[in-house]
Amino acid sequence: MPSNKKLLVLPGDGIGPEVVREVLRVVDWMDKRRHVSFDLSEDLVGGAAIDAYGTPLKEETLEAAKASDAVLFGSVGGPQWDVLPFDQRPERGILGLRKGMQLFANLRPAKVFDALVDASTLKNEIVQGLDILILRELTGGIYFGEPRGIETLPDGTRRGINTQVYTTPEIERIARVGFELAQKRAKRVMSVEKANVMESGVLWREEVQKLHDAEFQDVELQHMYADNCAMQLVRAPKQFDVIVTDNLFGDILSDCAAMLTGSLGMLPSASLGAVDPTTGRRMALYEPIHGSAPDIAGQGKANPLAQMLSLSMLLRYSFDMNEDADLIENAVENVLKAGIRTGDIVGPGMKPVSTTQMTDAILKELDAQAA
Ligand code: IPM
Ligand code: MG
(Lines give C-alpha, C1' and ligand atoms only; values in the text may rest on other atoms or scores of the structure.)
(Ligands and ions follow the chains in the order given, each with its own letter.)
Protein backbone atom coordinates (compact mmCIF):
# COMPACT_ATOMS: atom_id res chain seq x y z
CA MET A 1 0.00 0.00 0.00
CA PRO A 2 2.26 2.83 -1.08
CA SER A 3 1.24 6.12 0.42
CA ASN A 4 2.82 9.50 0.55
CA LYS A 5 3.47 10.66 4.02
CA LYS A 6 4.84 14.16 4.25
CA LEU A 7 7.69 14.20 6.70
CA LEU A 8 9.67 17.34 7.58
CA VAL A 9 13.08 16.58 9.05
CA LEU A 10 14.71 19.25 11.25
CA PRO A 11 18.04 17.93 12.56
CA GLY A 12 19.08 21.14 14.38
CA ASP A 13 22.37 21.42 16.29
CA GLY A 14 24.98 19.44 18.19
CA ILE A 15 24.32 15.71 18.10
CA GLY A 16 20.93 16.37 16.43
CA PRO A 17 22.22 16.02 12.84
CA GLU A 18 24.31 12.96 13.80
CA VAL A 19 21.44 10.98 15.27
CA VAL A 20 18.88 12.16 12.70
CA ARG A 21 21.16 11.04 9.88
CA GLU A 22 21.23 7.55 11.37
CA VAL A 23 17.48 7.43 11.83
CA LEU A 24 17.01 8.36 8.18
CA ARG A 25 18.71 5.06 7.40
CA VAL A 26 15.83 3.36 9.22
CA VAL A 27 13.32 5.48 7.28
CA ASP A 28 15.06 4.30 4.14
CA TRP A 29 14.84 0.71 5.35
CA MET A 30 11.10 1.15 5.94
CA ASP A 31 10.77 2.51 2.44
CA LYS A 32 12.51 -0.49 0.86
CA ARG A 33 11.41 -3.33 3.11
CA ARG A 34 7.96 -2.24 4.27
CA HIS A 35 6.95 -0.31 1.16
CA VAL A 36 6.09 2.86 3.01
CA SER A 37 7.20 5.83 1.05
CA PHE A 38 7.83 9.03 2.87
CA ASP A 39 7.88 12.34 1.12
CA LEU A 40 10.92 13.80 2.91
CA SER A 41 12.05 17.38 3.12
CA GLU A 42 14.70 18.84 5.37
CA ASP A 43 15.47 22.27 6.78
CA LEU A 44 17.64 24.05 9.31
CA VAL A 45 16.43 25.05 12.75
CA GLY A 46 17.97 26.48 15.92
CA GLY A 47 21.59 27.57 15.88
CA ALA A 48 22.13 26.16 12.40
CA ALA A 49 19.28 28.36 11.12
CA ILE A 50 20.67 31.38 12.99
CA ASP A 51 24.01 30.93 11.21
CA ALA A 52 22.44 30.40 7.79
CA TYR A 53 19.33 32.60 7.87
CA GLY A 54 19.80 34.87 10.89
CA THR A 55 16.79 33.42 12.71
CA PRO A 56 16.24 30.20 14.70
CA LEU A 57 12.95 29.48 12.90
CA LYS A 58 12.05 30.88 9.49
CA GLU A 59 8.40 31.62 8.83
CA GLU A 60 8.61 29.25 5.81
CA THR A 61 9.93 26.47 8.03
CA LEU A 62 7.02 26.86 10.43
CA GLU A 63 4.58 26.84 7.51
CA ALA A 64 6.19 23.69 6.10
CA ALA A 65 5.96 22.08 9.53
CA LYS A 66 2.26 22.90 9.74
CA ALA A 67 1.65 21.47 6.27
CA SER A 68 3.52 18.22 6.91
CA ASP A 69 1.99 15.07 8.38
CA ALA A 70 4.74 14.87 10.97
CA VAL A 71 7.98 16.59 11.94
CA LEU A 72 11.03 14.62 12.99
CA PHE A 73 13.10 16.97 15.12
CA GLY A 74 16.67 16.52 16.43
CA SER A 75 17.82 19.01 19.04
CA VAL A 76 18.86 22.67 19.23
CA GLY A 77 21.32 24.81 21.15
CA GLY A 78 24.99 25.21 21.85
CA PRO A 79 27.35 27.45 23.82
CA GLN A 80 28.26 29.60 20.81
CA TRP A 81 24.70 30.98 20.68
CA ASP A 82 24.24 31.51 24.43
CA VAL A 83 25.40 35.11 24.13
CA LEU A 84 22.42 36.02 21.95
CA PRO A 85 19.38 37.82 23.36
CA PHE A 86 16.65 35.53 24.58
CA ASP A 87 14.27 35.90 21.65
CA GLN A 88 17.01 35.04 19.13
CA ARG A 89 18.43 31.91 20.74
CA PRO A 90 18.29 28.43 19.19
CA GLU A 91 15.70 27.32 21.80
CA ARG A 92 13.23 29.77 20.23
CA GLY A 93 13.28 27.39 17.26
CA ILE A 94 11.67 24.53 19.13
CA LEU A 95 9.50 26.81 21.29
CA GLY A 96 8.27 28.59 18.14
CA LEU A 97 7.36 25.27 16.52
CA ARG A 98 5.51 24.06 19.61
CA LYS A 99 3.58 27.31 19.90
CA GLY A 100 3.07 27.89 16.17
CA MET A 101 1.80 24.35 15.56
CA GLN A 102 -0.22 24.46 18.80
CA LEU A 103 1.34 21.21 20.03
CA PHE A 104 -0.18 21.34 23.48
CA ALA A 105 0.21 17.67 24.41
CA ASN A 106 3.73 16.39 25.05
CA LEU A 107 4.01 12.65 25.66
CA ARG A 108 7.19 11.62 27.43
CA PRO A 109 7.21 7.91 28.16
CA ALA A 110 9.82 6.57 30.57
CA LYS A 111 10.24 2.86 30.06
CA VAL A 112 13.02 0.75 31.50
CA PHE A 113 14.36 -1.87 29.12
CA ASP A 114 15.23 -5.05 31.02
CA ALA A 115 18.69 -5.12 29.53
CA LEU A 116 19.37 -1.62 30.83
CA VAL A 117 18.16 -2.01 34.38
CA ASP A 118 21.76 -1.77 35.61
CA ALA A 119 22.32 1.51 33.77
CA SER A 120 20.00 3.31 36.18
CA THR A 121 21.52 4.95 39.22
CA LEU A 122 18.61 3.54 41.23
CA LYS A 123 18.38 0.04 42.69
CA ASN A 124 17.14 -2.62 40.28
CA GLU A 125 13.94 -3.38 42.17
CA ILE A 126 12.92 0.29 42.10
CA VAL A 127 13.07 0.59 38.30
CA GLN A 128 12.74 -2.92 36.87
CA GLY A 129 9.66 -3.10 34.64
CA LEU A 130 9.00 0.63 34.98
CA ASP A 131 6.62 1.99 32.35
CA ILE A 132 5.23 5.44 33.05
CA LEU A 133 4.08 8.29 30.86
CA ILE A 134 4.55 11.93 31.66
CA LEU A 135 2.07 14.09 29.82
CA ARG A 136 3.34 17.66 29.80
CA GLU A 137 1.27 20.69 28.78
CA LEU A 138 3.44 22.33 26.16
CA THR A 139 2.01 25.60 24.85
CA GLY A 140 0.94 27.45 27.98
CA GLY A 141 2.01 28.22 31.51
CA ILE A 142 5.08 30.16 32.53
CA TYR A 143 6.92 29.38 29.28
CA PHE A 144 4.62 31.68 27.34
CA GLY A 145 2.71 33.73 29.93
CA GLU A 146 2.60 37.53 29.74
CA PRO A 147 3.88 39.82 31.13
CA ARG A 148 7.45 38.65 30.83
CA GLY A 149 10.79 40.38 30.59
CA ILE A 150 13.56 42.10 32.48
CA GLU A 151 13.02 45.72 33.45
CA THR A 152 15.12 48.35 35.15
CA LEU A 153 13.54 49.95 38.19
CA PRO A 154 13.82 53.67 39.04
CA ASP A 155 16.57 52.94 41.59
CA GLY A 156 18.65 51.21 38.91
CA THR A 157 18.08 47.65 40.16
CA ARG A 158 16.42 45.20 37.78
CA ARG A 159 13.39 42.95 37.93
CA GLY A 160 12.82 39.72 35.97
CA ILE A 161 9.22 38.68 35.35
CA ASN A 162 7.48 35.56 34.08
CA THR A 163 3.84 34.71 34.42
CA GLN A 164 2.24 31.36 35.15
CA VAL A 165 -1.19 31.37 33.57
CA TYR A 166 -3.69 28.65 32.60
CA THR A 167 -7.30 28.85 31.43
CA THR A 168 -10.07 26.28 31.75
CA PRO A 169 -9.91 25.14 28.10
CA GLU A 170 -6.12 24.74 28.26
CA ILE A 171 -6.37 22.56 31.37
CA GLU A 172 -9.33 20.62 30.06
CA ARG A 173 -7.77 19.64 26.73
CA ILE A 174 -4.53 18.36 28.27
CA ALA A 175 -6.42 16.52 31.02
CA ARG A 176 -8.63 14.91 28.37
CA VAL A 177 -5.57 13.58 26.53
CA GLY A 178 -4.27 12.28 29.86
CA PHE A 179 -7.47 10.38 30.65
CA GLU A 180 -7.70 8.97 27.14
CA LEU A 181 -4.10 7.74 27.26
CA ALA A 182 -4.70 6.22 30.69
CA GLN A 183 -7.71 4.34 29.33
CA LYS A 184 -5.33 2.48 27.03
CA ARG A 185 -2.86 1.80 29.84
CA ALA A 186 -3.30 1.02 33.57
CA LYS A 187 -6.18 3.55 33.92
CA ARG A 188 -4.54 5.73 36.54
CA VAL A 189 -3.87 9.47 36.30
CA MET A 190 -1.82 11.53 38.73
CA SER A 191 -2.43 15.25 38.23
CA VAL A 192 0.49 17.33 39.45
CA GLU A 193 0.63 21.04 40.43
CA LYS A 194 1.34 23.29 43.41
CA ALA A 195 -2.20 24.02 44.54
CA ASN A 196 -0.87 24.70 48.03
CA VAL A 197 0.92 27.83 46.78
CA MET A 198 -0.36 28.83 43.33
CA GLU A 199 -3.83 29.90 42.20
CA SER A 200 -3.13 28.45 38.76
CA GLY A 201 -2.52 25.16 40.59
CA VAL A 202 -5.88 25.41 42.40
CA LEU A 203 -7.63 25.96 39.08
CA TRP A 204 -5.68 23.09 37.50
CA ARG A 205 -6.75 20.70 40.26
CA GLU A 206 -10.40 21.76 40.15
CA GLU A 207 -10.71 21.54 36.37
CA VAL A 208 -9.00 18.15 36.11
CA GLN A 209 -11.28 16.79 38.83
CA LYS A 210 -14.36 18.26 37.13
CA LEU A 211 -13.56 16.65 33.79
CA HIS A 212 -12.83 13.35 35.50
CA ASP A 213 -16.15 13.32 37.36
CA ALA A 214 -18.09 14.28 34.23
CA GLU A 215 -16.51 11.95 31.66
CA PHE A 216 -13.75 9.66 32.94
CA GLN A 217 -14.98 7.85 36.03
CA ASP A 218 -13.44 4.62 34.70
CA VAL A 219 -10.00 6.15 35.29
CA GLU A 220 -8.60 6.53 38.80
CA LEU A 221 -7.57 10.15 39.45
CA GLN A 222 -5.30 11.40 42.20
CA HIS A 223 -3.59 14.74 42.80
CA MET A 224 -0.06 15.44 44.00
CA TYR A 225 2.11 18.50 44.65
CA ALA A 226 5.00 18.79 42.22
CA ASP A 227 7.72 18.70 44.89
CA ASN A 228 6.30 15.53 46.36
CA CYS A 229 6.05 14.06 42.86
CA ALA A 230 9.77 14.70 42.28
CA MET A 231 10.49 12.85 45.50
CA GLN A 232 8.09 9.98 44.72
CA LEU A 233 9.62 9.56 41.25
CA VAL A 234 12.92 8.55 42.77
CA ARG A 235 11.44 6.81 45.83
CA ALA A 236 8.81 4.58 44.18
CA PRO A 237 8.30 5.44 40.50
CA LYS A 238 6.20 2.37 39.73
CA GLN A 239 3.27 3.85 41.69
CA PHE A 240 2.58 6.03 38.64
CA ASP A 241 0.88 5.26 35.34
CA VAL A 242 0.13 8.61 33.63
CA ILE A 243 1.32 11.86 35.20
CA VAL A 244 -0.43 14.97 33.84
CA THR A 245 1.24 18.25 34.59
CA ASP A 246 1.97 21.77 33.39
CA ASN A 247 4.74 23.02 31.15
CA LEU A 248 7.42 23.86 33.72
CA PHE A 249 6.79 21.00 36.16
CA GLY A 250 6.62 18.65 33.18
CA ASP A 251 10.00 19.86 31.95
CA ILE A 252 11.60 19.15 35.31
CA LEU A 253 9.79 15.93 36.19
CA SER A 254 10.42 14.38 32.77
CA ASP A 255 14.18 14.86 33.11
CA CYS A 256 13.94 13.19 36.48
CA ALA A 257 11.87 10.31 35.06
CA ALA A 258 14.28 9.98 32.15
CA MET A 259 17.17 9.28 34.49
CA LEU A 260 15.22 6.40 36.05
CA THR A 261 15.78 4.61 32.77
CA GLY A 262 19.54 5.04 32.94
CA SER A 263 20.12 7.54 30.19
CA LEU A 264 18.58 10.60 28.63
CA GLY A 265 19.85 9.08 25.39
CA MET A 266 17.03 6.52 25.43
CA LEU A 267 13.92 8.65 25.69
CA PRO A 268 11.69 9.77 22.81
CA SER A 269 8.78 12.19 22.92
CA ALA A 270 5.75 13.12 20.89
CA SER A 271 4.15 16.56 20.78
CA LEU A 272 0.62 16.55 19.44
CA GLY A 273 -1.92 19.19 18.48
CA ALA A 274 -5.68 18.90 18.47
CA VAL A 275 -7.40 16.66 15.93
CA ASP A 276 -8.85 18.77 13.11
CA PRO A 277 -12.55 17.87 13.09
CA THR A 278 -12.89 18.19 9.32
CA THR A 279 -9.73 16.46 8.09
CA GLY A 280 -9.09 14.17 11.08
CA ARG A 281 -5.47 15.29 10.87
CA ARG A 282 -3.41 16.37 13.86
CA MET A 283 -0.15 18.29 13.75
CA ALA A 284 2.71 16.45 15.38
CA LEU A 285 6.40 16.73 16.15
CA TYR A 286 8.66 13.97 17.46
CA GLU A 287 11.93 14.63 19.24
CA PRO A 288 14.27 12.90 21.66
CA ILE A 289 14.31 14.34 25.17
CA HIS A 290 18.07 14.74 25.24
CA GLY A 291 19.44 18.07 24.16
CA SER A 292 22.10 18.86 21.59
CA ALA A 293 24.89 17.58 23.91
CA PRO A 294 27.57 19.95 22.55
CA ASP A 295 30.20 18.23 24.72
CA ILE A 296 30.07 15.05 22.63
CA ALA A 297 28.89 16.49 19.30
CA GLY A 298 30.86 15.55 16.20
CA GLN A 299 32.61 12.60 17.84
CA GLY A 300 30.33 9.78 16.72
CA LYS A 301 29.56 8.94 20.34
CA ALA A 302 25.91 9.93 20.56
CA ASN A 303 23.23 7.36 21.32
CA PRO A 304 20.78 7.36 18.37
CA LEU A 305 18.16 5.26 20.18
CA ALA A 306 16.03 8.13 21.54
CA GLN A 307 15.79 9.50 18.02
CA MET A 308 15.06 6.00 16.74
CA LEU A 309 12.29 5.56 19.31
CA SER A 310 10.95 9.01 18.35
CA LEU A 311 10.52 7.63 14.83
CA SER A 312 8.69 4.68 16.31
CA MET A 313 6.31 7.05 18.15
CA LEU A 314 5.85 8.96 14.89
CA LEU A 315 4.78 5.82 13.06
CA ARG A 316 2.43 4.90 15.90
CA TYR A 317 0.77 8.23 16.64
CA SER A 318 0.78 9.99 13.26
CA PHE A 319 0.37 7.06 10.87
CA ASP A 320 -1.21 4.28 12.92
CA MET A 321 1.61 2.00 11.75
CA ASN A 322 1.74 0.00 14.94
CA GLU A 323 3.39 -3.04 13.41
CA ASP A 324 6.27 -0.97 12.06
CA ALA A 325 6.57 0.91 15.34
CA ASP A 326 6.80 -2.43 17.16
CA LEU A 327 9.50 -3.59 14.76
CA ILE A 328 11.71 -0.66 15.76
CA GLU A 329 11.02 -1.08 19.47
CA ASN A 330 11.78 -4.80 19.33
CA ALA A 331 14.97 -4.12 17.40
CA VAL A 332 16.08 -1.68 20.09
CA GLU A 333 15.26 -4.17 22.81
CA ASN A 334 17.16 -7.01 21.11
CA VAL A 335 20.21 -4.92 20.32
CA LEU A 336 20.42 -3.89 23.97
CA LYS A 337 19.99 -7.52 25.04
CA ALA A 338 22.91 -8.43 22.80
CA GLY A 339 25.05 -6.03 24.84
CA ILE A 340 25.52 -3.45 22.10
CA ARG A 341 25.84 -0.08 23.82
CA THR A 342 26.87 3.49 23.18
CA GLY A 343 29.03 5.16 25.82
CA ASP A 344 26.13 6.61 27.83
CA ILE A 345 24.66 3.18 28.63
CA VAL A 346 27.76 0.97 28.51
CA GLY A 347 28.11 -1.54 31.33
CA PRO A 348 31.25 -2.84 33.02
CA GLY A 349 33.41 -4.91 30.65
CA MET A 350 31.55 -3.72 27.53
CA LYS A 351 33.15 -1.79 24.72
CA PRO A 352 31.09 1.20 23.59
CA VAL A 353 30.00 1.32 19.94
CA SER A 354 29.70 4.43 17.79
CA THR A 355 26.48 6.11 16.68
CA THR A 356 26.81 4.48 13.26
CA GLN A 357 27.64 1.05 14.65
CA MET A 358 24.56 1.19 16.87
CA THR A 359 22.45 1.93 13.80
CA ASP A 360 24.14 -0.87 11.85
CA ALA A 361 23.08 -3.23 14.64
CA ILE A 362 19.50 -1.91 14.56
CA LEU A 363 19.28 -2.37 10.78
CA LYS A 364 20.64 -5.90 11.05
CA GLU A 365 18.07 -6.66 13.72
CA LEU A 366 15.29 -5.17 11.55
CA ASP A 367 16.40 -7.37 8.66
CA ALA A 368 16.31 -10.41 10.92
CA GLN A 369 12.82 -9.58 12.19
CA ALA A 370 11.41 -8.86 8.75
CA ALA A 371 12.97 -11.95 7.18
C1 IPM B 1 12.77 20.14 26.76
C2 IPM B 1 13.85 21.18 26.76
C3 IPM B 1 13.26 22.49 26.26
C4 IPM B 1 12.23 22.94 27.26
C5 IPM B 1 14.28 23.60 25.95
C6 IPM B 1 15.33 23.15 24.95
C7 IPM B 1 13.62 24.86 25.47
O8 IPM B 1 14.41 21.28 28.02
O9 IPM B 1 12.19 19.87 25.70
O10 IPM B 1 12.50 19.57 27.82
O11 IPM B 1 12.56 23.59 28.28
O12 IPM B 1 11.06 22.64 27.03
MG1 MG C 1 13.72 19.85 29.42
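The largest pocket in this predicted model holds about 530 Å³ of space. Its lining is made up of 20 residues, and those closest to the pocket centre are Pro109, Lys111, Arg316, Tyr317 and Glu329. Four elements each supply at least two lining residues: strands E4 (105–111) and E5 (131–137), together with helices H10 (305–319) and H11 (322–337). Sorted by class, the lining of the largest pocket comprises eleven nonpolar residues, eight charged residues and one polar residue. Where does the largest pocket lie with respect to domain 1 and domain 2? Residues of domain 1 (1–106 + 274–371) and of domain 2 (121–261) both contribute to the lining, so the pocket lies between the two domains.

Helix H11, one of the contributors to this pocket lining, deserves a look of its own. H11 has 16 residues and spans 22 Å from its first C-alpha to its last, close to the 22 Å expected at 1.5 Å a residue. Buried positions in H11 are Asp324, Ala325, Leu327, Ile328, Ala331, Val332, Val335 and Leu336. These buried residues lie on the same side of H11, because they cover an arc of only 160° around the axis. On the face turned away from that buried side, H11 carries the exposed residues Glu323 and Lys337.

Turning to helix H6, this element runs over residues 168–183. H6 has 16 residues, and the distance from its first C-alpha to its last is 22 Å, close to the 22 Å expected at 1.5 Å a residue. The buried residues of H6 are Glu170, Ile171, Ile174, Ala175, Val177, Gly178, Phe179, Leu181 and Ala182.

How many cavities of 30 Å³ or more does a search of the whole structure find? The search returns one, and the space inside the largest cavity is about 50 Å³. Its lining consists of Gln164, Tyr166, Val192, Glu193, Lys194, Met198, Ser200, Gly201, Trp204, Asp246 and Phe249. Strand E8 (188–193) and helix H7 (199–215) each provide at least two of the residues in this lining. Which element gives the most to the lining of the largest cavity? That is H7, with three residues. In terms of class, the cavity lining divides into five nonpolar, three polar and three charged residues.

Methods: Residues numbered from 1 in each chain as written. Chains lettered and ligands numbered in written order. Predicted model: local features only at pLDDT ≥ 70, side-chain atom pairs only at ≥ 80, totals over all residues. Heavy atoms only, no water. 1 Å grid on protein atoms, 1.4 Å probe; cavity = no way out; pocket = protein on both sides within 12 Å on 5 of 7 lines; lining within 4 Å. Points joined across faces, edges and corners; volume = space filled by probe spheres on them. Nonpolar A, V, L, I, M, F, W, Y, C, P; charged D, E, K, R; others polar. Domains from an automatic or database assignment. Expected span 1.5 Å × (residues − 1). Buried < 20%, exposed > 50% of the residue type's maximum accessible area, 1.4 Å probe, protein only. Arc of directions from axis to C-beta.
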